[in-house]
Every structure is written in structure tokens, then in C-alpha cells.
Amino acid sequence: MAQYDFVIAGAGPAGSVFALLAARAGYRVLLAEKSRFDKSRFGEIAPPELRLVLARVGLQYLADEPFCCDAPAALSVWGGDQPKCRQHILSPYGPALRIDRRLFDEELALAAREAGADLKLGGAVRFVPHPRGGYIAELSNGGEARAQISVLATGRGGGGFGLPYVRRYLDDNVLRWWLEALARTKVIQQVLDGCPLPRTLSVTNARGSYAQKGIGNQWVAIGDSRIAPDPLSGLGIIWAIDDAILVVHLFSRMKWQRLSAEMDARTVRDVEAYSLDHARTYATELRFNNSQFWNSVLLSEVLTSQKDISLDLDSESSGKHATRLPISTMLARSAGGTPQHAGCCIA
Ligand SMILES: Cc1cc2nc3c(=O)[nH]c(=O)nc-3n(C[C@H](O)[C@H](O)[C@H](O)COP(=O)(O)OP(=O)(O)OC[C@H]3O[C@@H](n4cnc5c(N)ncnc54)[C@H](O)[C@@H]3O)c2cc1C
């Protein structure tokens with residue numbers, strides 16, 4: 001049976017960049033992807049900073065490939081009925097990108113192979129602990145490989161990987177709510193032109209979620225497997241690549257026990273920071289204020305971190321020491337801003 005230092009399940013941006021960097025660092029790497037990159041994929045808008053992130057891993061040329069188109073501005077409808085345009089002309093990194101994700105993801109996986117990783121397509125991975133340590137990676141299309149360390153880069157999927165991986169979701173009952181609410185907004189109403197929403201729809205679960213248990217005995221979750229942001233942020237690809245860079249870097253500096261503690265602590269911090277940013281952004285959208293769902297979104301994500309609901313506020317602007325404010329006060333203060341990221345498009 002082939003032996004690897006890392007077997008990575010999932011060749012999205014996180015898995016492929018992890019494989020690329022680990023192979024460049026001289027590790028034996030298997031990158032296993034359940035698809036054959038034969039279907040279209042979600043997540044096609046990225047802010048200009050993606051160019052910078054690609055450059056960090058030597059893949060800046062991807063932004064100039066035909067599957068990446070320049071997007072000079074983002075048009076979003078948030079906080080009111082009027083679309084607002086945000087130009088990227090002043091960005092030091094260039095325009096934002098509109099990406100054909102199928103081709104982009106495939107190209108990232110091929111770059112990992114070129115760097116020395118073995119790439120296997122068409123088989124979903126399941127890990128089985130090996131009695132002498134590490135794991136056997138079983139591929140649903142028949143193959144097997146031995147892994148010292150298993151890396152879950154499987155995206156938003158819930159489980160069934162053979163690991164004690166526990167996922168937690170941040171919003172409940174959002175799917176139909178969003179559809180109904182959007183159908184009443186001005187831009188979508190115009191597009192629907194009196195057509196009712198179909199009763200049955202093909203729906204993708206895009207709720208924010210994170211791994212409550214995202215690292216364990218010789219296995220670790222990265223990218224969306226660790227934290228999957230609300231797609232509204234338009235930051236998922238950048239997040240996934242950054243996370244892969246971070247975890248490869250930490251592997252080279254820490255023993256497993258420290259790495260495990262570090263990743264657990266980071267997940268708590270990242271979920272807190274994400275929840276606060278998310279709640280702030282949602283607080284600026286006032287059209288759904290009377291909805292029970294909307295009000296619950298504003299606070300529930302902060303509460304799910306199960307911490308003190310006061311957070312440290314770094315008082316950069318006031319020049320004083322950090323103060324602790326209740327979340328509700330912070331939300332009230334932040335009301336009136338605008339969503340911060342490219343790619344928001346709620347009509
Ligand atoms: C509707 C929607 C819209 C979005 N829009 C944007 C956007 O505009 N901009 C943006 O930046 N982000 C967007 N995102 C988020 C972005 O797509 C993700 O954050 C990003 O793809 C995460 O990368 P990843 O590598 O962690 O996971 P993924 O890209 O999900 O990759 C996971 C990979 O694992 C594979 N896999 C799953 N299970 C197994 C298994 N058992 N064995 C082997 N392989 C497996 C999958 O086939 C997939 O290739 C959106 C997400 C959704 C759902």
C-alpha cells in the first residue's frame with residue numbers, strides 16, 4: 001500500500017493549496033478528490049485581494065487565465081432598495097475577479113500535482129484508524145493509501161469521513177425565509193414579474209458553519225471544513241487558501257499537541273470574529289427589521305460561541321485601552337454602515 005505523510009480529502013482551494021505547499025516542502029502527499037471536476041461549482045466572485053493570496057503561493061498567473069475575468073466593480077443591494085456600486089479602481093491589487101470555479105479548482109489541483117503531490121480523482125475518501133498509528137484512506141472507487149496525517153478539506157459537508165469530526169451550523173431555517181424575503185424586495189420582484197416561487201427548488205445549504213471538533217489525533221480540518229463563512233462575505237476562496245497556508249506553516253513549527261491547542265484556540269477566535277463581523281453587517285440591513293428571523297440572526301451567532309457576550313473592543317479610534325462592551329451596544333453603534341466585501345449581491 002502506498003504510504004504518505006499527508007492524505008488530503010478534497011481538492012477545493014484549501015486542499016489543493018495545502019497539497020501544493022506540503023509537496024514543495026518535501027512531504028509525500030496524496031490529494032484525493034471525489035469529483036472529476038466535471039460539474040460546475042459555486043463561489044465565483046472574489047475581491048481584488050485574491051490576486052495577492054495567489055501570489056503568496058506562486059500562482060498569480062491563474063488570475064490571468066481565461067477562466068478568471070476582471071470585475072471592475074461590485075454592485076450590491078443591501079440596507080435599502082437602491083443598488084450601490086463599489087469601484088475597485090483604487091485597489092492596489094487590481095480589479096476583483098469573476099471565476100469559473102470548475103476550471104479554477106481543477107487548475108489548482110493540477111498545480112499541486114506539478115509540485116509533486118499524487119492526485120486521485122473520482123473517489124470519496126473515508127479514513128480508518130490504523131492500529132500502528134495514522135490512518136488508512138479508503139477511496140470509494142477502490143483504492144487505499146496509508147496516511148500519517150489526514151487532512152479534511154471537504155468543504156461544507158457534514159461528516160461520514162470516519163473521523164470524530166463535529167460540525168455546528170450558525171443559522172437555522174434560513175433557506176425558505178431568504179427566498180420569501182427576497183421575493184418581496186424591489187429588484188427581485190421586478191425579475192420575478194409576478195411569477196410565484198416554485199414549491200420545490202434545488203437548494204444548496206450555504207449556512208455559516210464551523211467544526212466544533214476540527215482537529216484530533218493526527219487529523220485536521222482546513223478551509224470550509226474548519227469554518228465555512230456566509231457566502232455573502234465573498235471571502236470564501238481567500239479564506240480557504242489562507243487557512244491552508246497557515247496550517248502548513250504551523251506544521252513546520254509545532255509538535256502535534258501544540259498545534260492541536262493552537263488550532264482549537266484559533267477556531268474559537270475566528271468564529272467569534274466572524275460572528276461579530278457578520279452580525280454587524282446584518283445590523284445595517286433594515287428592510288427585514290420586523291422579522292423574528294432577522295432579529296435572531298443579529299445576536300444568535302455571537303451567542304453560539306458560548307462565551308461571555310461582551311467582547312473586547314480594541315479602542316484604536318479612541319486611543320484608550322481596550323474596553324468591554326455588550327454586543328447589543330456594539331451592534332447599535334455599528335448600525336448605519338455598509339457591507340464590507342466584494343461580491344455581496346442581495347436584491
Ligand atoms: C452558494 C455559494 C456561493 C458562494 N459564493 C462565493 C463567492 O462568490 N466568493 C467566494 O470567495 N466564496 C464563495 N462561496 C464560498 C466558497 O465557495 C468556499 O468558501 C470555498 O470553496 C471553500 O474552499 P474549500 O477548499 O474549503 O472547500 P470546497 O471548495 O467546498 O472544496 C471541497 C472539495 O472536497 C471534495 N470532497 C467532499 N467530500 C469529499 C470526500 N469525502 N473525499 C474526497 N473529496 C471530497 C468536494 O468535491 C470539493 O472539491 C460560496 C459558497 C456557496 C455555497
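Reader: What makes 18 residues of the shell around the ligand nonpolar, 14 polar and 4 charged?

Author: The division follows from residue type, because Ala, Val, Leu, Ile, Met, Phe, Trp, Tyr, Cys and Pro count as nonpolar, Asp, Glu, Lys and Arg as charged, and the others, Gly among them, as polar. The model is a predicted one, in which local features need pLDDT of at least 70 and side-chain atom pairs 80 or more, whereas totals for chains, interfaces and linings use all residues. Residues are numbered from 1 along each chain as its sequence is written.

Reader: Which residues around the ligand are the closest?

Author: Of the 36 residues that surround the ligand, the closest are G12, G43, G155, G223 and G236. A residue is near a molecule if its C-beta atom, placed from the backbone, lies within 6 Å of it. Helix α6 (236-251) supplies the largest share of the shell, 4 residues. Helices (H or I, at least four residues) and strands (E, at least two) are DSSP runs, numbered from the N terminus.

Reader: How do you know that β9 and β10 pair?

Author: Two strands pair if DSSP finds at least two bridges between them. Strands β9 (residues 125-129) and β10 have 5 bridges, in the antiparallel sense, so the criterion is met. One of the bridges has V128 and I136 as partners.

Reader: Why are β12 and β16 said to stand at the edges?

Author: The open sheet has the order β12-β13-β16. Each of β12 (166-169) and β16 (227-228) has a single partner strand, so one side of each is left without a neighbour in the sheet. For β16, the 2 bridges to β13 (residues 209-213) are antiparallel, and Y210 has I227 as its bridge partner.
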